[in-house]
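Please read the points below beside the model. They take up the interface of the two chains, their symmetry and the contacts with DNA.

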There are 2 protein chains.
Amino acid sequence: MKNIKLKLARVEKDLSQDELAKIVGVSRQTIGLIESGKYNPSLSLCVGICKALSRTLDDLFWEED
Amino acid sequence: MKNIKLKLARVEKDLSQDELAKIVGVSRQTIGLIESGKYNPSLSLCVGICKALSRTLDDLFWEED
DNA sequence: ATAAAATGTAATATATATGTTGCAAAAAGT
DNA sequence: ACTTTTTGCAACATATATATTACATTTTAT
C-alpha cells in the first residue's frame with residue numbers, strides 16, 4: 001500500500017523526492033518506490049528518512065490495525 | 001549496536017529467539033542477529049516483530065539522539 | 001555433575017533492496 | 001504554449017538481508 005504519510009511529511013518540508021533522497025543518501029527512485037509502496041525499505045533507511053523529516057518511525061511507518 | 005529493548009520485550013513475553021522467529025516467520029538466526037545489532041532488518045520484519053510482542057516501532061526500534 | 005535448551009557463529013545459497021542509466025509522462029512555473 | 005521540474009517506469013547490475021545447515025558455547029533444569 002502507498003505510504004501517504006511519508007509523502008505528506010515530505011511535501012510539508014517542501015522537499016522533492018530527489019532532494020530528500022540526497023539528504024538521506026539514496027537514489028530518487030528508492031524514495032519514489034517507498035512512497036508508492038513497492039519497496040520494503042531497511043530499518044536504517046526508515047530511520048534516516050524520519051530524521052530528515054523530523055518525525056519518528058511510528059509517525060511515518062506504523063499502521064494501526 | 002545491540003537492540004536491548006527488543007531482547008527485553010521478548011523475554012518479558014517469555015519467548016525464546018526460536019519461538020519468536022517461528023511466530024514472525026523468519027529463522028532463529030535472523031532474530032539473534034537483529035538483537036545483537038549485526039543486521040539491518042527490513043521494515044516489514046520490524047513490524048512483524050512489533051506485532052508479535054505487542055509493541056510499536058518506536059518502542060523497539062527508535063533511538064533518540 | 002549431567003542433560004537439555006538456548007544462543008552464538010560460520011559457510012554457502014538465494015531473494016530482494018538499492019543503484020545506475022535512460023526515457024516518458026505529468027506537474028508546475030513563466 | 002512553452003520550458004523546467006518532478007515523478008513514473010523499465011532493464012540490468014550490485015550489495016546485503018535472510019535461509020539453511022551444522023557445530024560450539026552458554027545457560028538453565030534436573
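1. A salt bridge is taken here as a side-chain nitrogen of Lys or Arg within 4 Å of a carboxyl oxygen of Asp or Glu. By this rule, zero salt bridges cross the interface of chain B and chain A.

2. This is a predicted model, in which local features need pLDDT of at least 70 and side-chain atom pairs count only at pLDDT 80 or more, while totals for chains, interfaces and linings use all residues. Residues are numbered from 1 along each chain as its sequence is written, chains are lettered from A and ligands numbered from 1 in the order in which they are written, and side-chain values use heavy atoms, with hydrogens and water left out.

3. Chain B and chain A each put 17 residues into the contact (heavy atoms within 4.5 Å). About 1,400 Å² is buried between them, 63% of it from carbon and sulfur atoms; buried area is the accessible area (1.4 Å probe) that two parts lose on being put together, summed over both. The interface has 13 residue pairs in polar contact, both residues at pLDDT 80 or more. A polar contact is a pair of N or O atoms within 3.5 Å; within protein, one must be able to donate a hydrogen and the other to accept it, and residues adjacent in sequence count only if both atoms are side-chain atoms.

4. On the side of chain B that touches chain A, helix H4 (43-52) and helix H5 (57-61) of chain B are the elements giving two or more residues. Helices are DSSP runs of H or I, at least four residues, numbered from the N terminus. H4(B) gives the most, with six residues.

5. How are the two chains related? A rotation of 180° with 0.0 Å of shift along its axis superposes chain B on chain A, at RMSD 0.0 Å, by least squares on the C-alpha atoms of residues with pLDDT of at least 70 in both. The two copies are therefore related as by a two-fold rotation axis. In chain B, the C-alpha of B:Ser42 is nearest the axis, 2.1 Å from it.

6. DNA strand C has 17 residues around it (a heavy atom within 4 Å), and among those that come nearest are A:Ser27 and B:Lys38. Sugar and phosphate make up 55% of the strand C atoms within 4 Å of the protein. A polar side-chain atom of B:Lys38 is 2.7 Å from a phosphate oxygen of the strand, whereas A:Gln29 places a polar side-chain atom 2.9 Å from a base oxygen.
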